[in-house]
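Here are my notes on this one, set out as numbered points. Keep the coordinates open while you read.

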Amino acid sequence: MAVDVPGVHKVRDAVKVAKDKKLNLVSGYCFRYSEPNRELAKLVHAGNIGDIYSISTFRLGGELTEKPRQPDWNDLTYQLYNWFFYQRYSGDIIVEQTVHSIDFMNWMLNRGMPKTVSGTGGRQSKPWDKYGNVYDHFAIEFDYGDGVKGFHFGRQQNGTQPRNSVEAVGTKGNMNVGILSSYEIKGQNPWKYSGKMNNMYQTQHDELFRAIRNKEVINDGDFMADSTLLAVWAREAAYTGKIISLDEIENSTKTYGPSSEEYSWEMEIDNARIPRPGLAT
């Protein structure tokens, strides 16, 4: 929903306006509209695996495909067609794609925001003189305090083993999810999803339109903004190599390009360097 913290604050302002006007706001965090995920969340939040003290998410896959430059494209046109390779437009792979796993993590934990975030990341597979300025892997620790930690691993590298999973360890059992394939709780209260798999994207639209017709209100705004901030926060921790607190990230004024009002065909392209923790600002 945003690529930097000032952008997140603008989103939160818009969420408040939507609430005040009783407008529907459905976000792209589609995992929350999956029926097996919803059933699992109810059980986890009811205490079926006890108190969670560790949760890990993996979103590992291949690289995104470049759209080749055409004869009539200038540099800005090329960047916009390949927006996911640039910090300014995508916020890096952790904000653009693997944020869905981070949203799932925070949803299951259901305990607000972490106290600190730290991590690492880098660029191993992509050449440094092509395909923009984003990383191709991240490894992040979210410290919620009281010994509770979340871990996220994201990767876009061709020829590597894919994985899309969420696993939690609790005091009464474990939660194991293979996204779009298996949903299971093991331990004192075993459970396995056996229902039909819904199309979560279609469900989002169905529930939005139904709410509008029935003059009801759905507002995903709070978790939408929080999960976006979590991904931006994680990226900044990896880019800087520092442990960043909630207060520090909430007060960040760093932006990743012009505001939406300043976008034009005459603006400068994204020339930011690939971040090198500890070596450059």
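1. Gly 241 comes just after helix H8 and takes a positive phi of about 75 degrees. Bear in mind as you look at it that this is a predicted model. H8 itself covers residues 221-240. Its 20 residues reach 28 Å from the first C-alpha to the last, close to the 28 Å expected at 1.5 Å a residue. H8 is also mostly covered, with 17 of the 20 residues buried.

2. Two other positive phi values deserve a look. Most residues other than glycine have a negative phi. Leu 180 has a positive one, about 70 degrees, although it is not a glycine. You'll find Leu 180 in the loop between strand E6 (173-178) and strand E7 (182-187). With a relative accessibility of 58%, Leu 180 counts as exposed, because the cut-off for that is over 50%.

3. Tyr 131 is the other case: its phi is near 65 degrees, again positive in a residue other than glycine. This tyrosine sits in the loop between strand E2 (116-122) and strand E3 (137-145). Tyr 131 also belongs to a cluster, where ring pairs link it with Trp 83, Phe 84 and Phe 85.

4. On to the rings in general: there are 13 aromatic pairs in the structure. Take Trp 73 and Tyr 81, whose ring centres are 4.3 Å apart and whose planes meet at 5 degrees, so this pair is stacked. Planes under 30 degrees apart count as stacked. Trp 73 is buried, at a relative accessible area of 15%, whereas Tyr 81 is partly exposed, at 42%.

5. How do the rings of Tyr 86 and Tyr 89 sit, stacked or edge-to-face? Their planes are at 70 degrees and their centres 6.1 Å apart, so the pair is edge-to-face. Both partners fall under the 20% limit for buried: Tyr 86 has a relative accessibility of 8%, and Tyr 89 has 14%.

6. Two arginines are worth displaying together with their rings. Arg 163 lies over the face of Phe 58, at 3.6 Å from the ring centre. Arg 235 lies over the face of Tyr 256, and here the distance to the ring centre is 4.2 Å. Arg 235 falls within the residue range of H8, 221-240.

7. Now the second largest pocket, which holds about 290 Å³ of space. It is lined by 14 residues, and the closest to its centre are Val 3, Asp 4, Pro 258, Ser 259 and Ser 260. Which helix gives the most to this lining? That is helix H1 (residues 5-20), with three residues. By type, the lining divides into six nonpolar, five polar and three charged residues.

8. Last, the start of the chain. Ala 2 lies in the segment before H1, and with a relative accessible area of 11% it is buried. Try drawing a C-alpha to C-alpha distance from Ala 2 to Ala 272: the two are 270 residues apart in sequence and 18 Å apart in space.

Note on methods. Residues numbered from 1 in each chain as written. Predicted model: local features only at pLDDT ≥ 70, side-chain atom pairs only at ≥ 80, totals over all residues. Heavy atoms only, no water. Phe/Tyr/Trp six-rings, centres within 6.5 Å; stacked < 30°, edge-to-face > 60°. Buried < 20%, exposed > 50% of the residue type's maximum accessible area, 1.4 Å probe, protein only. Lys NZ or Arg CZ within 6 Å of the ring centre and 35° of its normal. 1 Å grid on protein atoms, 1.4 Å probe; cavity = no way out; pocket = protein on both sides within 12 Å on 5 of 7 lines; lining within 4 Å. Points joined across faces, edges and corners; volume = space filled by probe spheres on them. Helix = DSSP H or I, 4+ residues; strand = E, 2+ residues; numbered from the N terminus. Nonpolar A, V, L, I, M, F, W, Y, C, P; charged D, E, K, R; others polar. Expected span 1.5 Å × (residues − 1).
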